[in-house]
Structures are given as C-alpha cells and as structure tokens.
Amino acid sequence: MTIARALTIAGSDSGGGAGIQADLKTFTVLGVYGMSALTAITVQNTLGVHGIYNLPLEAIEKQIDAVVTDIGVDAVKTGMLSQVPIIELAAAKIRQHRIRNLVVDPVMVAKGGARLLEASAQNALIEHLLPVAQVVTPNLPETEVLIEREIRTVDDMREAAKRILEFGPRTVVVKGGHLAGDAVDIVYDGENFYELASPRIETRHTHGTGCTFSAAVTAELAKGKNVLEAVSVAKEFITCAISDSLELGGGHGPTNHWA
Ligand code: PLP
C-alpha cells in the first residue's frame with residue numbers, strides 16, 4: 001500500500017497540543033504518513049512555555065536527510081525554528097532536496113507570550129525561507145511583524161498579503177482570527193484573492209491552532225491537492241478542531257478535532 005508522506009521540521013510541545021505533536025496527529029487524521037525533524041524541545045503545558053532547548057544543527061540536518069533520502073516526502077512544513085542558523089539550515093535543506101511543496105508557518109510568539117523565534121531571526125525567515133515556500137501562513141501578529149505595519153481591517157490583510165508575496169512565497173494565507181467578528185482568512189496567489197470565512201467560536205482552548213492549520217495544508221498538498229483546495233480543507237478542519245477543542249489542564253486547552 002502506498003500513502004502520501006509529509007515531514008514537519010518543528011519544535012516539540014510536551015503538552016501535546018502544538019508543535020510536532022499537533023502536526024503528526026493532524027497528518028494521521030488526514031490520512032498522511034507523518035515524519036518529524038525536531039528543531040527544539042519545549043517544556044510546555046496548557047499554562048505556557050516553561051523552557052526551550054534548541055537541538056544541535058547537526059541533529060536537525062541528519063534527521064531531515066535521513067527521512068528524505070530513504071522514505072521520501074510529498075510535502076514539508078516548518079514550524080518553530082527559533083534561531084538564524086536553524087532557519088538557514090532548513091532553507092538550505094529545502095533547496096538541496098528540491099522540495100516544492102513547502103508550507104512555512106512563521107511561528108514567532110506563543111499565545112502565552114513566550115518567544116519561539118528570536119527577534120534577530122525574523123529577517124532570516126524573510127530572507128531565506130519565504131523565497132522557497134509554496135505557502136506561508138502568518139496570523140495577524142506575525143503579519144504585522146513581517147510587513148512592519150498594523151492590521152485593522154480585511155483590506156489591510158489584502159494589502160499585507162501582496163507585500164508578503166513580494167518576499168517570494170508562491171501563495172500567502174493571512175489568517176484573520178485575531179480580528180473581531182467572523183474568522184476571515186485571505187489567500188493571495190499573485191493573481192487572485194480568495195476569502196475564506198468561518199463563524200467565530202468563543203473558546204479559550206485554542207492552543208496549537210496555527211500548527212494544526214498549517215499541518216492540514218501540508219497533508220492536503222502531500223495528497224496532491226492544489227493550494228486553494230488544501231487551504232480550504234484546512235480551514236474547515238481547523239474550524240471543527242476549535243469547536244471540538246479540549247478542556248484539558250488549567251490554561252489554554254488543545255485544539256483537537258479527532259479526540
Ligand atoms: N509550542 C510550539 C512547539 C509551537 O510550534 C507553537 C506554535 O507554533 C506553540 C507552542 C504555540 O502555540 P499556541 O500559540 O497556539 O499556544
């Protein structure tokens with residue numbers, strides 16, 4: 001039996017709600033074989049991030065090479081990359097292995113405020129990783145950092161998507177969940193804008209939303225869907241996941257559609 005294969009290059013969340021744990025669960029639920037190259041271990045639960053241990057570059061590089069050269073990948077996503085050398089390495093490996101289906105989740109700050117990407121690394125993300133991305137999926141705070149402008153409206157989101165496209169990704173998905181009202185995401189591929197809207201779900205249990213969304217896009221690309229189809233499935237998937245999120249722990253519970 002053959003199966004679509006997806007790799008996540010990302011950090012571990014010991015609490016199981018975000019990072020590679022969310023990615024691998026999402027790949028599995030969407031029928032894709034999941035692999036991981038760990039970049040960092042976070043000490044984490046629903047209350048927040050209590051420690052970050054970046055892994056040696058050599059360990060990250062060897063994980064990527066081992067799975068790509070033997071098992072092969074149909075799509076790859078990046079999540080928490082934390083430091084300039086890790087970003088540079090991920091980008092170099094994407095180029096070396098000629099990976100076209102790359103989803104970049106420009107992870108910067110966790111909901112609780114912990115920095116998952118050092119401030120000095122923001123430019124490296126723009127310079128090295130966005131040019132090799134098929135899709136980039138910033139939320140609004142990440143969008144504001146990328147374009148150094150405040151976003152208040154859906155029109156601002158469209159303008160931001162245009163500017164981010166200039167950094168080199170083939171498609172930009174600006175996620176509007178941080179604005180009030182319906183959660184409207186803007187997709188821009190350099191030619192057309194698409195608007196994907198879903199009703200706002202009032203819950204504080206949204207931990208891992210961004211990871212799960214970008215993993216779902218990656219899984220669908222791995223299966224051969226085009227970008228717009230993949231993003232549409234991911235939007236539906238994350239909306240269900242948020243409405244079925246779990247009341248686990250004393251803080252922000254995980255988004256888990258499949259529980
Ligand atoms: N931990 C890891 C390892 C992550 O990659 C991320 C987000 O990408 C988070 C935590 C943050 O999750 P959230 O902001 O949804 O709580």
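**Helix α1, the sheet and the ligand shell**

Visitor: How many of the 11 residues of helix α1 (residues 19-29) are buried?

Guide: Burial goes by C-beta atoms placed from the backbone: 20 or more others within 10 Å of a residue's own makes it buried, 12 or fewer exposed, and anything in between partly exposed. This is a predicted model, where local features need pLDDT of at least 70, side-chain atom pairs count only at pLDDT 80 or more, and totals for chains, interfaces and linings use all residues. Numbering starts from 1 along each chain as its sequence is written. Helix α1 is largely enclosed by the rest of the structure, because its buried residues number eight.

Visitor: Which elements do the buried residues of α1 pack against?

Guide: Elements here are DSSP runs numbered from the N terminus, helices being H or I of at least four residues and strands E of at least two. The buried set in α1 is G19, I20, Q21, A22, D23, K25, T26 and F27. With contact meaning C-beta atoms, placed from the backbone, within 7 Å, these residues pack against β1, β2, β4 and α7.

Visitor: And which residue just after α1 takes a positive phi?

Guide: Look just past the end of α1, where the chain takes a phi of about 80°. The residue there is G31.

Visitor: On to the sheet: which strands stand at the edges?

Guide: Strands pair when DSSP finds at least two bridges between them. The sheet is open, has nine strands with mixed pairing, and runs in the order β3-β2-β1-β4-β5-β6-β7-β8-β9. Each edge strand has a single partner, so one side of it is left without a neighbour in the sheet; the two are β3 (48-54) and β9 (193-198).

Visitor: At the β3 end, what is the bridge partner of N45?

Guide: β2 and β3 run antiparallel and are joined by six bridges. N45 finds its bridge partner in β3, and that partner is G48.

Visitor: What angle does the direction of α7 make with that of β4?

Guide: Helix α7 packs on the sheet, touching β1, β4 (75-78), β5 and β6 (135-136). The axes are lines fitted to C-alpha atoms, for helices over the stretch in contact, and the angle between N-to-C directions can run from 0 to 180 degrees. For α7 and β4 it comes to about 165°.

Visitor: At the other end, which residue in the turn of the β8 and β9 hairpin has a positive phi?

Guide: Strand β8 (residues 183-188) and β9 run antiparallel, with six bridges, and Y188 stands opposite F193. Four residues lie between the two strands of this hairpin. The one with a phi of about 95° is G190.

Visitor: Which residues of β7 are buried on one side and which on the other?

Guide: In a regular strand the side chains alternate between the two faces of the sheet. Strand β7 (residues 171-175) is mostly covered, with five of its five residues buried. β7 runs parallel to β6 with two bridges and antiparallel to β8 with four. On one side the buried residues are T171, V173 and K175, and on the other V172 and V174.

Visitor: S82 and E148 both sit in loops; what is the phi of S82?

Guide: Most residues other than glycine have a negative phi. S82, in the loop between β4 and α3 (84-96), goes against that, with a positive value near 50°.

Visitor: Is E148 buried or exposed?

Guide: E148 lies in the loop between α5 and α6 and also has a positive phi, near 55°. Because E148 has 8 other C-beta atoms within 10 Å, it counts as exposed.

Visitor: Which residues does A121 touch, not counting those up to four places away in sequence?

Guide: A121 is in the loop between β5 (102-104) and α4 (122-129). It counts as buried because it has 21 C-beta neighbours inside 10 Å. Its contacts are S82, Q83, V84 and I87.

Visitor: Last one: how do the residues of the shell around the ligand divide?

Guide: A residue is near the ligand if its C-beta atom, placed from the backbone, lies within 6 Å of it; 19 residues surround the ligand, the closest being G11, A18, G19, A110 and K111. β1 (5-13), β2 (33-45) and α7 (209-222) each supply at least two shell residues. Ala, Val, Leu, Ile, Met, Phe, Trp, Tyr, Cys and Pro count as nonpolar, Asp, Glu, Lys and Arg as charged, and the others, Gly among them, as polar. The shell divides into seven nonpolar, 10 polar and two charged.

Technical notes:
Contact = placed C-beta atoms within 7 Å.
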